[in-house]
Amino acid sequence: MKIVKTRKALREAIRGLRAQGKTIGLVPTMGALHDGHVTLMRAARKQADAVVVYIFVNPMQFGPNEDFDRYPRPWKKDVGICRAEGIDLLYAPSVEDVYPDGYSTVVSVGSMSKELEGACRPGHFDGVATVLAKMFTCITPDVAFFGEKDYQQLQVVKKLVRDLDLPLKVVGVPTVREANGLARSSRNQYLNKKQAAVAEALYSEMQKASRAIRMGRDISETLQSGKKGLLKAGFRKVDYFELRDAETLASIRVLKKPARLLVAAYLGTTRLIDNIAVKP
């Protein structure tokens, strides 16, 4: 595995892979790698000749009171995971390399990025879209892999690629879960034992709401019940518990086509997000 830390070295490495006629699969990450990331790497291996991973904790997608400074950065462990998975190229740039002095360009995907996570974390998806536009330009992948756990992000990235006519395919990979249903996340390590036990209610309440909606129960009442269930279980705050169109993320009043139930809630100071498919 080759490790590069500058854009210049990255471009040289990519040229080398292209000169060998290899297709490139990209797995974008912020590090603190877990089984969910490994699933993405293995999906990439099946669909591309060479797999590129980047690890970059992107300051543009963190708000002023969020966890940028304390976000986990276990570099040696992450490198070990990448080596074990046979990753061809690991790009681990500094903030200064990605956003050099004087950088001022921001990429915004529009209305889809302003709701749900976008409303709770203003500017978050602008940061995601900006860094991905830069990475896609430098790495020129044929296909890029994203976990469905961050479902709104996945839809924003697909729209970014469509709108900018970028020559790559975006693939969503199903969420990897713990035995209790909790979605794997780098932020799960913030939870203490008691909070980890409470966290399983997130998946449980989503499943309960999905069943109720598919049985024809009133959607608005079901969503309110889901919020109350999380608060009763021990969650401190629920940012949203929403049913949206699976592709456009528009609000849904009647379930007539594939939808997605999306949830964000706080356990103590830790914010967890999750989602599941809801089909008619």
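## Cavity, pocket and cores

In this predicted model, the count of cavities of 30 Å³ or more comes to one. The lining of the largest cavity, whose volume is about 40 Å³, is made up of Arg7, Leu10, Tyr91, Val98, Lys134, Met135 and Cys138. Helices H1 and H6 each supply at least two residues of that lining, and H6 gives the most to it, with three residues.

The second largest pocket is lined by Lys5, Met30, Gly31, Ile55, Phe56, Val57, Arg73, Pro74, Trp75, Asp78, Ala92 and Pro93. The table sets out volume and lining class for these two spaces.

| Space | Volume | Nonpolar lining residues | Polar lining residues | Charged lining residues |
|---|---|---|---|---|
| Largest cavity | about 40 Å³ | five | no | two |
| Second largest pocket | about 190 Å³ | eight | one | three |

Turning to the packing of side chains, the largest nonpolar core has 45 residues, and those with the most contacts inside it are Tyr54, Leu132, Phe136 and Ile139. Two or more residues of this core come from each of helices H1 (7-19), H6 (124-139) and H7 (151-163), and from each of strands S2 (24-29), S3 (50-55), S4 (89-91), S5 (143-147) and S8 (259-267). H6 contributes the largest share of this core, namely ten residues. When neighbours within four places in sequence are left aside, Leu132 is in contact with Pro28, Tyr54, Phe146, Val157 and Leu160. Another core, which lies apart from the largest one, has 26 residues, among them Ala199, Leu272, Ile276 and Val278.

Key. Residues are numbered from 1 along each chain as its sequence is written. This is a predicted model: local features need pLDDT of at least 70, side-chain atom pairs count only at pLDDT 80 or more; totals for chains, interfaces and linings use all residues. Side-chain values use heavy atoms; hydrogens and water are left out. A nonpolar core is a set of buried Ala, Val, Leu, Ile, Met, Phe, Trp, Tyr and Cys residues joined through side-chain atoms within 4.5 Å. Buried means under 20% relative accessible area, exposed over 50%, partly exposed in between (1.4 Å probe, protein chains only). Helices (H or I, at least four residues) and strands (E, at least two) are DSSP runs, numbered from the N terminus. Contact means heavy atoms within 4.5 Å. On a 1 Å grid over the protein atoms alone, a cavity is a set of points where a 1.4 Å probe fits but cannot get out, and a pocket is an open set with protein on both sides within 12 Å along at least five of seven lines; lining residues have an atom within 4 Å of a point. Grid points are joined across faces, edges and corners, and a volume is the space filled by probe spheres set on the points. Ala, Val, Leu, Ile, Met, Phe, Trp, Tyr, Cys and Pro count as nonpolar, Asp, Glu, Lys and Arg as charged, and the others, Gly among them, as polar.
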